[in-house]
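Ready for a few hands-on exercises? Have a look at the chain and its fold, then work through the tasks at your own pace.

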Amino acid sequence: MTHPIHINQRVRENAENLTAALESHMLKVFAPDARKELRRFSAGEAADLLGISASFLRKLHFDNRIPEVHMTPGGRRHYTAGDLLEIRKVLEAGAKTPGTYLRGRREGDKVQVLSFLNFKGGSGKTTSSIHAAQRLALKGYRVLCVDIDPQASLTTLFGYRPEYDFLESGTIYDAIRYDEPLPLSQVIQQTFFTGIDLAPGGLMLQEFEHETPQALINNVQPAFFARMAAALAEVEANYDVIIFDCPPQLGYLTMSALCASTGILITIVPNMLDVASMSQFLQMSADLLDVVSNAGASMDFDFLRFLINRYEPNDGPQQQVVAFLRQLFDDEVMVAPMLKSTAISDAGLTQQTVYEVERSQFHRNTYDRALDSLNLVNDEIENLIQKAWGR
Ligand SMILES: Nc1ncnc2c1ncn2[C@@H]1O[C@H](COP(=O)(O)OP(=O)(O)OP(=O)(O)O)[C@@H](O)[C@H]1O
Ligand SMILES: [Mg+2]
């Protein structure tokens, strides 16, 4: 006779085994207790990011106009993201047109708040939001990432273990909770990535979904849709761009992020099932936004774009779906798609991005194709930001 299995017990056992396995995996991937560290960039990469030629970069060193950087035993210069920022400041100080090398916001420009969104799981919200954040940071923007997904994938990509580090406190939930919220500045963490701060996510965020109905009945102010914006107000002067990685659902958290946003990026995988589910998503979003708009939420966006992800240029049916989307949404579909690439998924296996891994770890073509595609996408996003600032 077989014994009945209690589902709760079995799930708990699985959870415990998985936690232990993940812990040992993390220890293998990263040295014990070591924080994640960003690699150095070659002179070619540095020149590219700075928007100058490699020879001009060499000349800056030769003329002693910029601080010396790490030298490999082979005599090659390698740059940290911090070095790049220092060089940017030097270049900007000598630039004829202000804002050539530090393109962040100026007096009168409002902070750009971008939400990566879709209720379809796995459409690439986290992947595109972290690559956008990193590219913008490498280009000298001051970025705050806000992880509002209880799954906390973004927080994990920054080298944290949400289930240990932020189990009971330390997530963005602390800053938006209804009873005794903390100032957001007390939640924000500096990350290993120069130029990016993080408001972590974690399971606690789920509380916000549970507590909001009662808070609405009690008329707690600010209401749910205004709480994210209210929390951001304290810190926004410190950033050029704030990026929300949304959960795959249209809950109160997502609505609150949307109401704080100036730009919306809807990630979409070009197949008919995903497009069909997006139609429901858009319908539901519109209905919900009507409700919060009637309740007094601000609904002013600078832009909304569809970001095509996992694009395979040689896949006929996909091309048809993309053509269909472009016909329908016109220039609301971003010009550059994010290619489907093993460089992106493989980097993800070690909790890294394409900007973090070394080119030598990958087949060259694979890496270059992924990098080019991500750069095009993110530079298009940068242009949208610049345009919103009237440049
Ligand atoms: N362009 C791509 N090419 C290859 N793999 C990709 C690509 N985009 C995303 N992935 C992989 O697909 C998985 C899901 O992506 P991601 O986590 O970004 O989706 P998501 O929309 O944030 O998911 P969720 O809804 O669960 O939050 C990840 O393992 C990621 O590495
Ligand atoms: Mg995600």
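The exercises below go from the domains to two helices, the ligand and some backbone details.

This is a predicted model, in which local features need pLDDT of at least 70, side-chain atom pairs count only at pLDDT 80 or more, and totals for chains, interfaces and linings use all residues. Residues are numbered from 1 along each chain as its sequence is written, while chains are lettered from A and ligands numbered from 1 in the order in which they are written.

**Exercise 1. Find the domains and describe their contact.**

Step 1: The domain assignment gives domain 1 (41-93) and domain 2 (112-388); such bounds come from an automatic or database domain assignment.

Step 2: Between the C-alpha centres of domain 1 and domain 2 there are 31 Å. Six residues from domain 1 and six residues from domain 2 make the contact, where two residues are in contact if their C-beta atoms, placed from the backbone, lie within 7 Å.

Step 3: On the domain 1 side, helix α4 (residues 81-93) gives the most, with five residues. Helices (H or I, at least four residues) and strands (E, at least two) are DSSP runs, numbered from the N terminus.

Step 4: By class, this side of domain 1 has four nonpolar, one polar and one charged residues. Ala, Val, Leu, Ile, Met, Phe, Trp, Tyr, Cys and Pro count as nonpolar, Asp, Glu, Lys and Arg as charged, and the others, Gly among them, as polar.

**Exercise 2. Check the length of α4 and locate its buried side.**

Step 1: At 1.5 Å a residue, the 13 residues of α4 should span 18 Å, and the 19 Å between its end C-alpha atoms agrees. The expected span is 1.5 Å times one less than the number of residues.

Step 2: Buried in α4 are Ala-81, Asp-83, Leu-84, Ile-87, Arg-88 and Leu-91. A residue is buried if 20 or more other C-beta atoms lie within 10 Å of its own, exposed if 12 or fewer, and partly exposed in between, with C-beta atoms placed from the backbone.

Step 3: These buried residues sit on the same side of α4 because they cover an arc of only 145° around the axis; the arc is that of the directions from the helix axis to the C-beta atoms.

Step 4: Their packing partners are α2 (43-50), β3 and α5, whereas the face turned away from the buried side carries the exposed residues Gly-82 and Ala-93.

**Exercise 3. Describe the surroundings of ligand 1.**

Step 1: Ligand 1 is surrounded by 19 residues, and the closest are Lys-125, Thr-126, Thr-127, Pro-248 and Gly-348. A residue is near a molecule if its C-beta atom, placed from the backbone, lies within 6 Å of it.

Step 2: The shell divides into three nonpolar, twelve polar and four charged residues. Both α5 (125-138) and α14 (342-349) supply at least two of its residues.

Step 3: The buried residues of α15 pack against elements including α5 and α14.

**Exercise 4. Compare two positive phi angles outside glycine.**

Step 1: Ala-152 has a phi near 55° and lies in the loop between β5 (143-147) and α6 (153-157). Ala-152 counts as buried because it has 27 C-beta neighbours inside 10 Å.

Step 2: Asn-219 has a positive phi of about 55° and belongs to the loop between α9 and α10. With 7 other C-beta atoms within 10 Å, Asn-219 is exposed.
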